[in-house]
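Here are a few friendly notes to read alongside the model. I have set them out as numbered points, so please take them in whatever order suits you.

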Amino acid sequence: MKEIQIRQAVIEDLEQVAEVEARCFPAAEAADEKSLKERLEAFPGSFLVAECEGRIAGFINGAATNERTIADEMFEDVSLHDPRGAYQSIFGLDVDEDFRHQGLAGRLMKALIEKAESEGRKGLILTCKEHLIGFYEQFGYCSMGVSKSVHGGAVWYDMILEFSR
Ligand SMILES: CC(C)(COP(=O)(O)OP(=O)(O)OC[C@H]1O[C@@H](n2cnc3c(N)ncnc32)[C@H](O)[C@@H]1OP(=O)(O)O)[C@@H](O)C(=O)NCCC(=O)NCCS
């Protein structure tokens, strides 16, 4: 199997990252290139990519915040990123079709969880669709029920992982 490296994203990854996002999400839910660029510039430390021989196979990204749930405006307004925020949020977890079912999303998730813990955060938060609740539970996330989010017109669940100290 080809080696896949997890590393912090750089601006040169932007085009490929935007292409993967467009393939992974319906148009109403996908972040566009402008939005992904703003995120990359605002919080490069919590924008990780999985690279396989020059190809971006997947990525994970999100702002930090003191809120325990993600509000929709956070997706578009990077000024809401608080570098000292207690929670690392996850705006997106994408793995391109060719690279799925190999544990890559799990590797990206674990890398961001480890980073958040090493930075002294209280935990991580995300929103997901109902069918992925079980996927996130394996990393220690718990569902807080249906989210207020109306992102892309879908129904989302708020999930939280809190570090026990
Ligand atoms: C969701 C996604 C990131 C998963 O990527 P992946 O690299 O294939 O995931 P992994 O291989 O790390 O983990 C998948 C494994 O998790 C487990 N799993 C998946 N869904 C699960 C669930 N609902 N409950 C319990 N376990 C689950 C299974 O063991 C699964 O293995 P399988 O794919 O061989 O059946 C990818 O399908 C994707 O990018 N989808 C489109 C974008 C998206 O929906 N992202 C999530 C946004 S909230």
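1. A word on naming before we start: helices (H or I, at least four residues) and strands (E, at least two) are DSSP runs, numbered from the N terminus. On that basis Arg7 belongs to strand β1, which covers residues 5-8. Please keep in mind throughout that this is a predicted model.

2. Let us stay with Arg7 for a moment, since its side chain has two acidic partners to look at. One polar contact of 2.8 Å links the side chain of Arg7 to that of Asp13, and another of 2.8 Å links the side chains of Arg7 and Glu51. Setting aside neighbours within four places in sequence, Arg7 also touches Phe47, Leu48, Val49 and Ile56, among others. For a sense of distance, the C-alpha atoms of Arg7 and Gly140 lie 23 Å apart, with these positions 133 residues apart in sequence.

3. Which residues have the most contacts inside the largest nonpolar core? They are Met109, Leu124, Tyr136 and Tyr141, in a core of 28 residues. The elements giving two or more residues to this core are β2 (47-52), β3 (55-61), β6, α4, β7, α5 and β9 (157-162). Helix α4 gives the most, with 7 residues. A second, separate core has 13 residues, including Ala18, Leu40, Val49 and Ile56. In soluble globular proteins, nonpolar side chains tend to be buried together.

4. Tyr141 deserves a closer look within that larger set. Beyond its neighbours within four places in sequence, Tyr141 is in contact with Met109, Leu124 and Tyr136, and its other partners include Ile90, Ile113, Met159 and Leu161.

5. Now to the largest pocket, which holds about 820 Å³ of space. It is lined by 36 residues, and Phe25, Leu93, Asp94, Leu132 and Tyr136 are the closest to its centre. Elements that give two or more residues to the lining include α1 (14-24), α2 (33-42), α3 (72-76) and β6 (92-95). Strand β6 supplies the largest share, 4 residues. By class, the lining is made up of 19 nonpolar, 9 polar and 8 charged residues. Tyr136 is worth selecting in your viewer, as it appears both among the residues closest to the pocket centre and among those with the most contacts in the largest core.

6. Is Gln88 buried or exposed? Gln88 sits in strand β5 (residues 87-90), and it counts as buried because its relative accessibility is 2%, under the 20% cut-off. A polar atom of the Gln88 side chain lies 3.4 Å from the backbone oxygen of Ala63. Apart from neighbours within four places in sequence, the contacts of Gln88 include Ser46, Gly62, Ala64, Leu112, Arg121 and Leu124.

7. Two residues other than glycine have positive phi values, and you may like to check both. Glu53, in the loop between β2 and β3, has phi near 50 degrees and is exposed, with a relative accessible area of 63%. His101, in the loop between β6 and α4, has phi of about 65 degrees and counts as exposed at 83% relative accessibility.

8. Lastly, Ala22 lies in helix α1. With a relative accessible area of 53%, Ala22 is exposed. The C-alpha atoms of Ala22 and Glu33 are 9.3 Å apart, and the two residues are separated by 11 residues along the chain.

Methods:
Residues numbered from 1 in each chain as written. Predicted model: local features only at pLDDT ≥ 70, side-chain atom pairs only at ≥ 80, totals over all residues. Heavy atoms only, no water. 1 Å grid on protein atoms, 1.4 Å probe; cavity = no way out; pocket = protein on both sides within 12 Å on 5 of 7 lines; lining within 4 Å. Points joined across faces, edges and corners; volume = space filled by probe spheres on them. Nonpolar A, V, L, I, M, F, W, Y, C, P; charged D, E, K, R; others polar. Buried < 20%, exposed > 50% of the residue type's maximum accessible area, 1.4 Å probe, protein only. Polar contact = N/O pair within 3.5 Å; in protein donor to acceptor, adjacent residues only side chain to side chain. Contact = heavy atoms within 4.5 Å. Core = buried A, V, L, I, M, F, W, Y, C linked by side-chain atoms within 4.5 Å.
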